[in-house]
Amino acid sequence: MPASASTKHLTSIELGRIRRAVSIARLMDTAVRLPVIGVRIGADSILGLIPAVGDIAASLIGLFIIDEARRLGIPTHKLARMAVNLGIDAAGGTIPLLGDIFDVYFKSHRRNVGIILDHFGISEDELNRRI
């Protein structure tokens, strides 16, 4: 399959970084579909149930995704938007019970991976097809 013009310059190392960020975001935000209601949750929602420690752990994982974006050369304004997404998620998660519900719907890790994918003009499906 021919590479699109926007992704042909990506090295295998860069594609690996993007794939790793996508995998982490999927694990953190959408790993499991809840039966009956059909909402997808991930480790971020589960970790959020642990007071303070869970939100800190989820934020540290989110910082790893932002660092991968920095290493990929994502512009500063997009990194700042990613940091704001993570900050909103962290702040919302600090509210007892309501923060846990907020975590289920906000999905900052998926939003941040979306910024990375959008920057390179590549979809998750296209990323999975590339070798």
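A salt bridge here is a side-chain nitrogen of Lys or Arg within 4 Å of a carboxyl oxygen of Asp or Glu. Keep that cut-off at hand as you move through this predicted model: by this rule the count comes to 6 salt bridges.

**Stop 1: Arg20 and Glu68**

Select Arg20 and Glu68 and show their side chains. They form a salt bridge whose closest N and O atoms are 2.8 Å apart. This pair links distant parts of the chain, with Arg20 in helix H1 (residues 12-29) and Glu68 in helix H3, 48 residues apart. Is each partner buried or exposed? Arg20 counts as partly exposed because its relative accessibility is 38%, whereas Glu68, at 3%, counts as buried.

Now add Arg17 to the selection. Salt bridges that share partners join Arg17, Arg20 and Glu68 into one network.

**Stop 2: along helix H3**

Stay on helix H3 and pick Asp67 and Arg71, which are 4 residues apart, about one turn of the helix. Their salt bridge brings the closest N and O atoms to 3.0 Å. Asp67 has a relative accessibility of 23%, so it counts as partly exposed.

**Stop 3: Arg110 and Glu124**

Next, select Arg110 and Glu124, whose side chains meet in a salt bridge at 2.7 Å, N to O. Glu124 sits in helix H7 (residues 124-129) and Arg110 in helix H6 (residues 108-120), so the pair ties together parts that are 14 residues apart in sequence. Arg110 is partly exposed, with a relative accessible area of 25%.

**Stop 4: Asp44, without a partner**

Jump to Asp44 in helix H2 (residues 43-47). What is the nearest side chain of opposite charge to Asp44, and how far away is it? The answer is Lys107, 8.3 Å away; Asp44 is buried yet has no salt bridge. That distance lies outside the cut-off because a salt bridge needs the nitrogen within 4 Å of the oxygen.

Show the surroundings of Asp44 next. Leaving aside neighbours within four places in sequence, its contacts are Met28, Asp29, Ala58, Asp89, Asp103 and His109.

**Stop 5: the cavity**

Asp44 also leads to the last stop, as one of the residues that line the largest cavity. The count comes to 1 cavity of 30 Å³ or more, and the largest has a volume of about 40 Å³. To see its lining, select Asp44, Asp55, Ala58, Ser59, Leu86, Asp89, Ala90 and Asp103. Helix H3 (53-71) and helix H4 (76-93) are the elements that give two or more residues to this lining. Colour the selection by class and you will find 3 nonpolar, 1 polar and 4 charged residues.

Key:
Residues are numbered from 1 along each chain as its sequence is written. This is a predicted model: local features need pLDDT of at least 70, side-chain atom pairs count only at pLDDT 80 or more; totals for chains, interfaces and linings use all residues. Side-chain values use heavy atoms; hydrogens and water are left out. Buried means under 20% relative accessible area, exposed over 50%, partly exposed in between (1.4 Å probe, protein chains only). Lys and Arg count as positive and Asp and Glu as negative; His and the chain ends are not counted. Contact means heavy atoms within 4.5 Å. On a 1 Å grid over the protein atoms alone, a cavity is a set of points where a 1.4 Å probe fits but cannot get out, and a pocket is an open set with protein on both sides within 12 Å along at least five of seven lines; lining residues have an atom within 4 Å of a point. Grid points are joined across faces, edges and corners, and a volume is the space filled by probe spheres set on the points. Ala, Val, Leu, Ile, Met, Phe, Trp, Tyr, Cys and Pro count as nonpolar, Asp, Glu, Lys and Arg as charged, and the others, Gly among them, as polar.
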